[in-house]
Amino acid sequence: MSKRIALPLLLAVAFVLYTGILDGNPGVAADRWSDRPWHLFANAFPGLLLASLLLVLTRRALLSFGLAFFVQGVVLAVSAIKMKNLGSPLLPADFRMVGQLKNGGASLLGGYLPHQIAPYLIIAAGIAIVVLLARYETPLFARRTQGRRLVTAMALTGLIGTLLAGVPAWSHVYDHNRLGMEPWSAAANAGNNGVVTTIMQFRLQNAGKKVKPDPNAAMQFLGTTDAQLRAHMEQAAGNARQTPDIVIVQSESFFDPSIIRGYEHEDFAPNLHRLAKTSSAGSLHVPTFGGGTIRTEFEVLTGLSLRYFANMQFPYLQMHNAVVPGMVRALRSHGYETVAVHGNDAGFWNRTTAFKALGFDRFVSLPDFPKDARKDGEYMADSAMTDEIMSQLPDAGSPRLVFAISMEAHGPYDKTVNIDADERDAIPVPDGIDGNAKLQLQNYIYHMRHADAELGRLAELLARRERPTLLVFYGDHLPALVETYAKAGFSNGQSMLTQTVPWILVDAHNDGPAPAHEDLAAWMLPGFVLERAGVHDDAYFALTQVLAPQLASLTHAPDAPTAAEDAEMKTTDKAMGNLALLRFKNRLDPLLAQYVLPDAATLARQKGEEEERAAAGARQ
């Protein structure tokens, strides 16, 4: 009897201490057991529940705790890899990526796994030990216990299930008053409370809470902006240009490296800088860092800020609307054909389903590219994407939107497959950047220079077309060159999580409004593009332009320091959040209808059958 109790208790204590060691964060280190026992226990608690359930099922203590510790180790190892590459620990929404492994995610995410053999030998040894324990360890208690094992197993399963489901009652265990919590920074929270506690706290952060938009408050706010909104829409309506084709290029991890200290006098983006002199351009505040492309993508396509959707880390995996309003549907209502182009698996990030909800007519993905489409590095070359974009732009017919998502510059950047090594090695690096950091920086710049070259080529090809065309180009986020940023820093003194990326709008025939230079947030970009294209009857997008100067800087990566807001900005920010929720639920348009200017000719609305056909398509 004493062995049955003593062995599991000793293993439980060891599990708590070793979890702290493996976690690696100072707030839950094993040597903190005397002054922070509850922090250590909370960080190990889900694993202890799992070990207890396995003990009831297998009756073997060493096997049960060994399996639980193996699972714990996998979670903490994955979190460490994410922290190294993206500067953020594992979070609840990241587990949604498991469902993406079959959609090309396994290959993409596999590139971030360690290249050394040692970790895999450790895993193999762990599996071997588990197999031996399963075969030879003596059970602690009898198989038949008159139903006690069954009842205990059901109770433990219920506890684990409700914990993973985020049932609000568990907030008492992971209480932020007892443990402390830094909701503005997952990395800082993990440093204080550990990775597992951080996962649970963020899972439970909004448990049981539902944010409901307030139509009355929305109307009140719209009343205060009435004059500005109407004036802006009347001014925008003066753009009576010929309807252009629109090409939007979301360039993977594109930014200007000259903001890195030591690169101030290097020009790795000559085409961007040349075109910006005669085009609309500026800095773009984006809602992610190092990864999470669909966060920026969602904001650009919808005009909705993820700032107002706290629980939606990966929007395409979490939104369930059959119809999502945004730029694509606005253009369809004006007779545009809408095409998305991406040289990767269509199912990754759930884009196949999401693009239907957003209103795209067609999605051209990897299987639709020519069989001989060129790769550069691990992924489709930007040059191949440029060729595909041009093939999607006919000289006759309805105007067309082509939204293209590049892949060439996607990480990880420590691989040298299918590249020109001589070209890569000739790229200079700042002082102090060596070893793996140097390799990653050179590989990244090798690919981003190709993106810049293709920007120049695409602009030239579009200028030769007879049809007017707008070319929009922007980066989705900074690349995850964490070691380089830590060693070199940025010339503007900001952190890697608050840096902006470039955006540019090139009017191929220069027959639209005069160029404008301003900083925008990703969710403000579509309103700007629509107005430049002569589409200016959507009062919501007009409102994003009215508020752009005030709210743009509030958009940043989730783990970045919170920007300061004065009283007026807070009021506007809160009101815009309410409007965004109403918009996402398709409940805002009736409230905004009064701001649509009535002059159909001025607004360049499509008429008759074409309008009806486009509107019917938007409702799909």
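A residue is called buried when its relative accessible area is under 20%, exposed when over 50%, and partly exposed in between (1.4 Å probe, protein chains only). The structure is a predicted model, in which local features need pLDDT of at least 70 and side-chain atom pairs count only at pLDDT 80 or more, while totals for chains, interfaces and linings use all residues. Residues are numbered from 1 along each chain as its sequence is written, and side-chain values use heavy atoms, with hydrogens and water left out.

**Exercise 1.** Determine whether T293 is buried or exposed, and describe its surroundings.

*Solution.*
Step 1. T293 belongs to helix α13, residues 293–302; helices are DSSP runs (H or I) of at least four residues, numbered from the N terminus.
Step 2. The relative accessible area of T293 is 6%, so the residue is buried.
Step 3. Contact means heavy atoms within 4.5 Å. Apart from neighbours within four places in sequence, T293 touches Q250, E252, R351, D476 and H477.
Step 4. With H477 there is also a side-chain to side-chain polar contact at 3.4 Å. Such a contact is a pair of N or O atoms within 3.5 Å; within protein, one must be able to donate a hydrogen and the other to accept it, and residues adjacent in sequence count only if both atoms are side-chain atoms.
Step 5. For α13, ten of its ten residues are buried. The helix is followed by G303, which has a positive phi near 75°.

**Exercise 2.** State how helices α21 and α22 are oriented to each other, and which residues meet.

*Solution.*
Step 1. Helix α21 (residues 525–532) packs on helix α22 (residues 539–551) at about 110°, with axes 8 Å apart. Axes are lines fitted to C-alpha atoms over the stretch in contact, and angles run from 0 to 180 degrees between N-to-C directions.
Step 2. Angles under 35 degrees count as roughly parallel, over 145 as roughly antiparallel, 65 to 115 as roughly perpendicular and the rest as oblique; α21 and α22 are therefore roughly perpendicular.
Step 3. From α21, P526, G527, F528, L530 and E531 meet F541, A542, T544 and Q545 of α22.

**Exercise 3.** Classify the orientation of α17 and α19.

*Solution.*
Step 1. The axes of α17 (residues 382–391) and α19 (residues 435–463) come within 9 Å and cross at roughly 20°.
Step 2. This angle makes α17 roughly parallel to α19.
Step 3. Residues of α17 in the contact include D382 and M390, and those of α19 include H450 and L462.

Terms used:
Helices (H or I, at least four residues) and strands (E, at least two) are DSSP runs, numbered from the N terminus.
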